[in-house]
Amino acid sequence: MARAKNRLPEPDSDSGIEDVPILILEWLGEQGISALIRFDAQRPRNSWTFAATGGELTHPIRNDAPSADKCLSNGLALIRQQGINVPF
């Protein structure tokens with residue numbers, strides 16, 4: 001299992017965008033889990049999708065939600081249900 005880099009997110013005060021989602025995806029990748037978060041403008045509802053597969057996941061995960069934060073939060077909860085301790 002790969003070691004986490006133990007980096008803390010640094011908010012970007014100029015743009016208002018924080019590094020947390022990127023750090024989460026990077027950490028998952030370090031664990032051998034392929035993951036993505038996607039926005040699909042073609043769909044009127046539940047436009048955000050989080051998907052993850054591989055690594056120690058016992059089965060792939062997919063979650064759709066109306067906002068990026070809800071989508072990522074729900075996806076991480078599903079990963080934790082499979083026994084993976086996501087440190088974020």
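The following dialogue asks how the terms applied to this predicted model are justified.

Student: What should be known about the model before its terms are used?

Tutor: The model is predicted, so local features need pLDDT of at least 70 and side-chain atom pairs count only at pLDDT 80 or more, while totals for chains, interfaces and linings use all residues. Residues are numbered from 1 along each chain as its sequence is written, and side-chain values use heavy atoms, with hydrogens and water left out.

Student: How many helices and strands does the chain have, and what makes a stretch count as one?

Tutor: The chain has 2 helices and 3 strands, in the order α-β-β-β-α from the N terminus. Helices (H or I, at least four residues) and strands (E, at least two) are DSSP runs, numbered from the N terminus. Helix 1 covers residues 20-30, and Gly-32, just after helix 1, has a positive phi of about 85°.

Student: Why is Asp-40 called buried?

Tutor: Buried means under 20% relative accessible area, exposed over 50%, and partly exposed in between, with a 1.4 Å probe and protein chains only. Asp-40 has 16% relative accessibility, so Asp-40 counts as buried. Arg-38, at 48%, is partly exposed, and Arg-62, at 56%, is exposed. Of the 88 residues in the chain, 27% are buried.

Student: Why is there said to be a salt bridge between Arg-38 and Asp-40?

Tutor: A salt bridge is a side-chain nitrogen of Lys or Arg within 4 Å of a carboxyl oxygen of Asp or Glu. The closest N and O atoms of Arg-38 and Asp-40 are 3.8 Å apart, so the pair meets the definition. Asp-40 also forms a salt bridge with Arg-43, at 3.7 Å from N to O. The structure holds 4 salt bridges.

Student: What distance separates the closest N and O atoms of Arg-62 and Asp-64?

Tutor: They are 3.3 Å apart, and the pair is a salt bridge. Salt bridges that share partners join Arg-38, Asp-40, Arg-43, Arg-62 and Asp-64 into one network.

Student: Which residues of helix 1 are buried, and how do you know on which side they lie?

Tutor: Leu-23, Ile-24, Trp-27, Leu-28 and Glu-30 are buried. They cover an arc of only 155° around the axis, which puts them on the same side of helix 1; the arc is that of the directions from the helix axis to the C-beta atoms. These buried residues pack against strand 1 (33-39), strand 2 (48-54) and helix 2 (68-81), where contact means heavy atoms within 4.5 Å.

Student: What makes strand 2 and strand 3 a pair?

Tutor: Two strands pair if DSSP finds at least two bridges between them. Strand 2 and strand 3 are joined by 5 bridges, so they pair, and they run antiparallel. Phe-50 has Asn-63 in strand 3 as its bridge partner.

Student: Why are strand 1 and strand 3 called edge strands?

Tutor: The 3 strands form an open antiparallel sheet in the order 1-2-3. Strand 1 and strand 3 (61-65) each pair on one side only, and are the edge strands. Neighbouring strands of this sheet are turned by 10° against each other on average, direction ignored.

Student: How is the direction of helix 1 compared with that of strand 1?

Tutor: Axes are lines fitted to C-alpha atoms, for helices over the stretch in contact, and angles run from 0 to 180 degrees between N-to-C directions. On this scale the direction of helix 1 makes about 155° with that of strand 1.
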